[in-house]
Amino acid sequence: MVGTMDGTKQQRRGNTRQRIQDVALDLFAEQGYEKTSLREIAESLDVTKAALYYHFKTKEEILVSIFDDLTQPILDLTEWGREQPHTLETKQEIVRRYSEILAGAAPLFRFMQENQAAVRELRVGETFKNRMQGLREIIVDPDAALVDQIRSVSAIFTLHAGMFFIQDLDATPEEKRKAVLEVATDMVTQAHQGMTASAEQS
C-alpha cells in the first residue's frame, strides 16, 4: 500500500501537523467551525486528545495555522508586486498568480465563505483583511480615475466570485478557472488603458 502511494501524499501523511490541519479543515467545512470539537478532530485522526494537544492547544490555533500556511503565498505575491513597476504586464501577472493561489487554497476559502460569522470573530478575519489590503495596494494605481481603481479591485473579487458563484455552470473546474481569469485580466487591462489614456490627455 505504502509503495503505491504518491510521494507527496506519503510525505503529507507523515507530517502529523499537516494531517491535523487537513482533517480539521474538512470537519470545519463539513459541519461548521463552532460545531467541531477538538475531541472529534482527535477521533477522526485516530489519536488521543493529548497527542493533538502536543501540536495545538485550541481549535483557533489549528485554524490560524491553516490560514497562515495557505495564505503565505499572498504575502509573497504582495512583496513581489511591491518591487515591480506598475506596468500592465505586472498587473496581469498579479492576477494570474492570485488565481493560482486561490486554486491551491480552495478548501480554506470555501470554509471562510461558509463560516463568515466565526471568521469575523477570530483573528484570521482581521489578518485576511490586511492581506487583501496589501494585494489592493499592488494592483491599484492611486493616480488612476476612481472607475479604474474600482476595476482593478473588482478583478480580485472576480477571482473570488469564481470560486463560489459559478459552481453550477456547465464546464470543468479548469475551464471555469480560465474563464474567470480571462475576465479578471480584462478588468485590469481596461483599468490600465483607462489610466494611460487619461495621462495622455492631461
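Helices are DSSP runs of at least four residues, numbered from the N terminus, and Asp148, a residue to which this tour will return, lies in one of them, helix H10 (residues 146–164). The model on your screen is a predicted one.

**The whole chain**

Begin with everything shown as a cartoon, where you can follow 11 helices and 0 strands, so that the order of elements from the N terminus on reads α-α-α-α-α-α-α-α-α-α-α. Taken along the principal axes, the C-alpha atoms fill a box of roughly 70 × 40 × 35 Å. Of the 202 residues, 41% count as buried, and among contacts between residues at least 6 apart in sequence, 68% join residues at least 24 apart.

**Two packed helices**

Two packed helices are described by the angle between their axes and the distance between the axes. Select helix H2 (residues 16–31) together with helix H7 (residues 106–114), which pack at an angle of about 35 degrees with their axes 9 Å apart, in a crossing that is left-handed. Now show side chains at the place where the two helices meet: H2 brings Leu25, Phe28 and Ala29, while H7 brings Pro107, Leu108, Phe111 and Glu114. Sorted by class, this contact has 6 nonpolar residues, no polar ones and 1 charged residue.

**The nonpolar core**

In soluble globular proteins, nonpolar side chains tend to be buried together. Select Ile41, Tyr98 and Phe111 next, since among the 50 residues of the largest nonpolar core these three touch the most other members. Helix H5 (residues 59–82) gives the most to this core, with 7 residues. If you centre the view on Ile41 and leave aside its neighbours within four places in sequence, you will find that Ile41 is in contact with Ile20, Val23, Ala24, Leu27, Phe28, Thr36, Leu52 and Ile62.

**Four aspartates**

Return to Asp148: is this residue buried or exposed? Asp148 has a relative accessible area of 5%, under the 20% cut-off, and therefore counts as buried. Its side chain is joined to that of Arg151 by a polar contact of 2.8 Å, and, not counting residues up to four places away in sequence, Asp148 also touches Gln190, Ala191, Gly194 and Met195.

Move on to Asp69, which lies in helix H5 and is partly exposed, with a relative accessible area of 37%. Beyond the residues up to four places away in sequence, Asp69 touches Arg17 and Gln21, and a polar contact of 3.1 Å joins its side chain to that of Arg17. The C-alpha atoms of Asp69 and Gln21 are separated by 9.9 Å, although these residues are 48 residues apart along the chain.

Select Asp168 next, in the loop between H10 and helix H11 (173–201), where a relative accessible area of 68% makes this residue exposed. If you draw a distance from the C-alpha atom of Asp168 to that of Ile139, which is 29 residues apart from Asp168 along the chain, the separation is 30 Å.

Finish at Asp46, in the loop between helix H3 (38–45) and helix H4 (49–55), which counts as exposed at 70% relative accessibility. What is the phi of Asp46? The value is near 60 degrees, a positive phi in a residue other than glycine. Most residues other than glycine have a negative phi.

Key:
Residues numbered from 1 in each chain as written. Predicted model: local features only at pLDDT ≥ 70, side-chain atom pairs only at ≥ 80, totals over all residues. Heavy atoms only, no water. Axes fitted to C-alpha atoms, helices over the stretch in contact; angles between N-to-C directions. Left-handed = near helix turned anticlockwise from the far one by under 90°. Contact = heavy atoms within 4.5 Å. Nonpolar A, V, L, I, M, F, W, Y, C, P; charged D, E, K, R; others polar. Core = buried A, V, L, I, M, F, W, Y, C linked by side-chain atoms within 4.5 Å. Buried < 20%, exposed > 50% of the residue type's maximum accessible area, 1.4 Å probe, protein only. Polar contact = N/O pair within 3.5 Å; in protein donor to acceptor, adjacent residues only side chain to side chain.
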